[in-house]
Amino acid sequence: MISTLQPNRVRRTYLGGGRIDAFCGTVRGEGASYTGRLAPNAGLSLPTPEDWMASTVTAFNGSVEIEGEGLGRLADGRLVKDAVGSLPILVKLLDSDERLVIQAHPTVPFAKARMNSPVGKTECWYFLPGTAPDACVYLGFKPGITREKWVEAFEEQKGMLGMLHRIPVKAGDFVFVDGGVPHAIGAGCFMIELQEPSDLMVVAERMTPSGRVLPDGKIFGGLNAEGMFDVYEYVGLEYEDLCSRYVRRTGEECSPVQRILSPELTDKFEMWKISGGACLPLGGDAAVAVVTEGAGAINGTAVRKGDRLVVREESDVFIEGCVEVVLCK
C-alpha cells in the first residue's frame with residue numbers, strides 16, 4: 001500500500017524552510033500547520049525549517065511545547081502511528097538558512113540507561129539540489145580535544161566550532177553521524193535526514209548564530225549540567241580519517257538502483273536512490289519515499305517531485321517514468 005503524506009512542518013530554533021516550500025511547490029508558510037493541539041499560551045514564533053515525514057515521534061523544543069507536534073498524518077487525515085504503527089525510523093526534509101548550533105545525540109546504550117528511551121539518535125544526511133555552493137557541515141572532534149577542554153569551552157562559550165572539522169558538502173553527498181559525535185549543520189544545506197525515531201539531543205551553544213537564546217531544557221536535553229557532557233564521545237580523528245569513516249560522495253554514480261547508505265556504517269536503517277524502470281525488494285518492510293526529481297509512478301501510484309509517501313506491506317517497489325526517488329527504511 002502506498003499512502004501520500006500531509007505536510008508536517010516542525011518548529012526548530014534555526015532559520016530556514018524556503019527550500020522545502022520550493023521543493024514541494026507550496027506557498028511560503030503553507031503546510032506550516034501543527035498536527036497537535038496548542039498548549040495554553042503556546043507561542044508559534046519559532047521557524048519551521050523541517051518537514052517530518054511519516055513521523056511517529058513528537059518534537060521537543062525545550063520550552064513552549066505543542067501537544068502532538070511532529071506526528072505525521074496521511075493524506076486522509078489519520079495519524080501515521082494509528083494507521084501504520086510505530087516506525088523504526090524518522091525521515092525529515094531539512095533546510096538551513098543559518099548554521100545550526102553544535103549538538104550531539106545519544107547512543108542506544110546511553111539513551112536506555114540515562115534518557116528512558118529504547119532508541120538513541122544515530123542519523124545521516126543526503127544532500128539535495130538546492131544546497132548552496134559554499135555549504136558545509138561540522139563533524140567530529142579534532143585530535144586532542146578532551147572532556148575538560150570541551151567543558152571549559154562550553155562554560156566560556158568560546159572556540160567550540162574550531163574544535164570540530166569543517167566538511168564542504170554539495171548535492172549528492174552523504175554524511176553519517178554516529179551517536180555521541182558532535183556536529184553542526186551549516187547554512188545553505190538542503191537535505192533528507194534519516195535517523196533513529198527520537199528527538200534526543202544535548203546542545204553546546206546557548207545562542208543560535210541569529211541571536212536566539214536557547215532554554216536550559218533544550219541545552220541539557222533532559223539531563224543536568226554535568227550529565228550532558230556524558231553524551232559526547234571524546235574521540236578525536238584526523239580530517240582524512242573522519243571523512244573516510246563518515247563521508248561518501250555519491251553524486252557521480254548513475255545506477256538506477258543505488259544504495260546510498262552502506263551496511264558497514266549501520267544496521268539501524270537503509271537509504272536507497274532509485275529511478276524509473278528500477279525495482280527494489282522490500283519484503284513487506286515499511287518505508288518512507290521522497291520524490292526528488294521528475295514525475296512518474298511508484299507501484300502504480302502517480303507521483304511528482306516533492307511528494308512524500310509511506311510504503312507498507314509491499315514486497316517490492318517499482319518505479320515508472322522519468323523520476324528519481326529516495327527511499328528510507
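**Exercise 1. Strand 8 and its surroundings**

Find out how many of the 5 residues of strand 8 (residues 123-127) are buried, then work out which way they point.

*Solution.* Start with the count: 5 of the 5 residues in strand 8 are buried, so the strand is mostly covered. Keep in mind that this is a predicted model.

Next, sort the side chains by direction. Glu123, Trp125 and Phe127 point one way, Cys124 and Tyr126 point the other way, and all are buried. That fits a general pattern: in a regular strand the side chains alternate between the two faces of the sheet.

Now look at the neighbours. Strand 8 pairs with strand 11 in the antiparallel sense, over 4 bridges. Here Trp125 sits opposite Val175, and Glu123 has Val177 as its bridge partner. Strand 8 also pairs with strand 13 (residues 190-195), again antiparallel, over 5 bridges. On that side, Cys124 stands opposite Leu194.

**Exercise 2. Strand 11**

Decide whether strand 11 is enclosed or open, and say which strand pairs with it over 3 bridges.

*Solution.* Take the burial first. 5 of the 5 residues of strand 11 are buried, so the rest of the structure largely encloses this strand.

Then split the side chains into two sets. Asp173, Val175 and Val177 point one way; Phe174 and Phe176 point the other way, and all are buried.

Last, find the partner. Strand 15 pairs with strand 11 over 3 bridges, in the antiparallel sense. Within that pairing, Phe174 is opposite Arg248 of strand 15.

**Exercise 3. The whole sheet**

Put the 7 strands of the open sheet in order and name the edge strands.

*Solution.* Read across the sheet: the order is 2-4-6-13-8-11-15, and the pairing is antiparallel. Now check the two ends. Strand 2 (9-10) and strand 15 are the edge strands, as each pairs on one side only.

Zoom in on the strand 2 end. Strand 2 and strand 4 (residues 50-53) run antiparallel and are joined by 2 bridges. Arg9 is found opposite Asp51 in strand 4.

**Exercise 4. The two sides of helix 6**

Which residues of helix 6 (residues 239-246) are buried, and why do they count as being on the same side?

*Solution.* First pick out the buried ones: Leu242, Cys243 and Tyr246. They are on the same side of helix 6 because they cover an arc of only 95° around the axis. Turn to the other side of the helix, and you'll find Glu240 and Ser244 exposed.

Next, ask what the buried residues pack against. Their partners are strand 9 (136-141), strand 10 (164-168), strand 11 (173-177) and strand 15 (247-249). To finish, place the helix: helix 6 lies across strand 11 and strand 15, and runs at about 70° to strand 15.

**Exercise 5. Two nonpolar cores**

Find the residues that touch the most other members of the largest nonpolar core, then look for another core apart from it.

*Solution.* The largest nonpolar core has 53 residues, and those touching the most other members are Leu93, Phe174, Ile192, Leu194, Leu261 and Met271. Another core, of 31 residues, lies apart from it and includes Phe110, Phe141, Leu164 and Leu200.

Now follow one residue, Leu194. Leaving out residues up to four places away in sequence, its contacts include Ile89, Leu90, Val91, Cys124, Leu261 and Met271. As background, nonpolar side chains tend to be buried together in soluble globular proteins.

**Exercise 6. A cluster of rings**

Classify the ring pair of Phe141 and Trp150, and then that of Tyr232 and Tyr234.

*Solution.* The structure holds 8 aromatic pairs. In the pair of Phe141 and Trp150, the ring centres are 4.9 Å apart and the planes stand at 75°, so this one is edge-to-face. Planes over 60 degrees apart get that label. The pair of Tyr232 and Tyr234 has its centres 6.2 Å apart and 45° between the planes, and is tilted.

Now add the burial of each ring residue. Phe141 is buried, with a relative accessible area of 1%, and Trp150 is buried too, at 0%. Tyr232 is buried at 3%, whereas Tyr234 is partly exposed at 24%. The cut-off for buried is under 20%.

Finally, put the pieces together: ring pairs link Phe141, Trp150, Tyr232 and Tyr234 into a cluster.

Definitions and conventions
Residues are numbered from 1 along each chain as its sequence is written. This is a predicted model: local features need pLDDT of at least 70, side-chain atom pairs count only at pLDDT 80 or more; totals for chains, interfaces and linings use all residues. Side-chain values use heavy atoms; hydrogens and water are left out. Buried means under 20% relative accessible area, exposed over 50%, partly exposed in between (1.4 Å probe, protein chains only). The arc is that of the directions from the helix axis to the C-beta atoms. Contact means heavy atoms within 4.5 Å. Two strands pair if DSSP finds at least two bridges between them. Axes are lines fitted to C-alpha atoms, for helices over the stretch in contact, and angles run from 0 to 180 degrees between N-to-C directions. A nonpolar core is a set of buried Ala, Val, Leu, Ile, Met, Phe, Trp, Tyr and Cys residues joined through side-chain atoms within 4.5 Å. Rings of Phe, Tyr and Trp (its six-membered ring) pair if their centres lie within 6.5 Å; planes under 30 degrees apart count as stacked, over 60 as edge-to-face and the rest as tilted.
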